[in-house]
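Colleague: Could we take a close look at the ligand site of this model? Please describe what surrounds the ligand and the pocket that holds it.

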Amino acid sequence: MQIIRDPKELQKQCLKWRQEGLTIGLVPTMGFFHDGHLALMKRARPECDKLVVTLFVNPTQFGENEDLDKYPHDFEGDRAKAESQGTDILFAPAPDAMYHPDHATWIDVPELGQHLCGSARPGHFRGVCTVVTKLFMLTQPDLAVFGQKDWQQLAIIRRMVRDLDIPVKLIGHEIIREADGLAMSSRNAYLTEEERAAAPGIRQGLQKAADKVVSGERNPDAVKKFLKDEFSAAIPMSTVDYIEVVDPEAIVPVDEITVPVLVAVAVQVGKARLIDNLLIEV
Ligand code: AMP
């Protein structure tokens with residue numbers, strides 16, 4: 001596995017591979033790998049000749065009071081894990097290698113960013129879209145794998161790829177969870193023992209909410225209220241950032257629940273802002 005830090009070197013290598021007729025798979029990440037990240041690599045590996053994993057804590061997708069400076073990292077651990085999945089290139093640039101001091105070009109899909117993390121984290125998806133576009137331009141991938149844990153991110157990238165005719169096949173991967181149901185996240189490392197013990201309440205609440213919908217609940221406000229109460233009982237140290245019931249593609253709240261529908265939540269548990277979602281299809 002090659003470690004590349006210089007964007008131009010990455011681009012040169014990927015263009016060479018493309019000229020040789022080789023296909024490229026891309027898995028963009030912010031590192032501190034867990035089994036969720038590894039699942040994306042496993043999904044991509046058999047579908048491409050060359051697998052590029054990127055590890056970049058992208059400053060432009062973090063707000064001023066967010067955890068950019070504290071984001072967990074373990075480069076040697078990540079290197080070994082990426083290599084174990086048959087990665088050909090691990091691209092790990094320094095922030096100033098990705099952005100010129102006078103960087104002035106942004107990609108944004110504001111229509112899909114009005115709710116959920118888009119409204120809770122202003123500018124977040126503009127940073128995501130811009131860096132993902134840059135990674136697409138640097139690697140020219142045939143396919144790219146993203147996790148459904150960041151459902152809104154995937155919906156926005158799908159729309160961007162469609163609208164800009166970017167020639168890449170997008171693959172959405174299901175959420176990988178701990179045995180007790182907590183969605184795997186690099187940010188789970190911030191949880192204290194007590195918070196970690198309570199955090200599976202997020203998934204449990206979502207499942208109970210889905211049961212209500214399957215049993216006939218059609219009122220999104222009732223589902224939201226139910227979840228709020230569930231979270232305050234099961235995770236008393238948490239504060240809800242958002243609980244929304246949205247159209248899974250348009251990412252706008254629904255007035256009345258018809259399937260498919262997405263229940264999406266962001267909950268602050270101690271220092272960790274945890275997101276999770278559940279797609280209800282039947
Ligand atoms: P991150 O490093 O958190 O930016 O995540 C990099 C990629 O891994 C994104 O496409 C995420 O959606 C995906 N991902 C993160 N956690 C999980 C998980 N628990 N299950 C599936 N995909 C995940």
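Modeller: The following account moves from the ligand outward to the pocket. The model is a predicted one.

The shell around the ligand consists of 18 residues, and Met-30, His-37, Asp-150, Ile-176 and Met-184 are the closest. By class, this shell comprises 8 nonpolar, 7 polar and 3 charged residues. Three elements, β2 (24-29), α2 (35-44) and β5 (143-147), each contribute at least two residues to the shell, and α2 gives the most, with 3 residues.

Oxygen atoms of the ligand take part in several polar pairings. A side-chain N or O atom of His-37 is 2.8 Å from a ligand oxygen atom, and a polar side-chain atom of Asp-150 lies 2.6 Å from an oxygen atom of the ligand. Gly-147 takes part through its backbone, where an N or O atom lies 2.9 Å from a ligand oxygen atom. Of the 480 Å² of accessible area that the ligand has on its own, the protein covers 93%.

The ligand occupies the largest pocket, which holds about 1100 Å³ of space. Its lining is made up of 50 residues, with Met-30, Tyr-71, Lys-149, Asp-150 and Arg-187 nearest the centre of the pocket. Two or more lining residues come from each of β2, α2, α6 (124-139), β5, α7 (151-163), β8 (261-269) and β9 (272-280). Here the largest share belongs to α6, with 6 residues. The lining divides into 21 nonpolar, 18 polar and 11 charged residues.

Two residues link the two descriptions: Met-30 and Asp-150 are among the residues closest to the ligand and also among those nearest the centre of the largest pocket.

Methods: Residues are numbered from 1 along each chain as its sequence is written. This is a predicted model: local features need pLDDT of at least 70, side-chain atom pairs count only at pLDDT 80 or more; totals for chains, interfaces and linings use all residues. Side-chain values use heavy atoms; hydrogens and water are left out. A residue is near a molecule or strand if one of its heavy atoms lies within 4 Å of it. A polar contact is a pair of N or O atoms within 3.5 Å; within protein, one must be able to donate a hydrogen and the other to accept it, and residues adjacent in sequence count only if both atoms are side-chain atoms. Accessible areas come from the Shrake-Rupley method with a 1.4 Å probe; for residues, only the protein chains shown count as cover. On a 1 Å grid over the protein atoms alone, a cavity is a set of points where a 1.4 Å probe fits but cannot get out, and a pocket is an open set with protein on both sides within 12 Å along at least five of seven lines; lining residues have an atom within 4 Å of a point. A molecule sits in a cavity or pocket if more than half of its atoms lie within 2 Å of its grid points. Helices (H or I, at least four residues) and strands (E, at least two) are DSSP runs, numbered from the N terminus. Ala, Val, Leu, Ile, Met, Phe, Trp, Tyr, Cys and Pro count as nonpolar, Asp, Glu, Lys and Arg as charged, and the others, Gly among them, as polar. Grid points are joined across faces, edges and corners, and a volume is the space filled by probe spheres set on the points.
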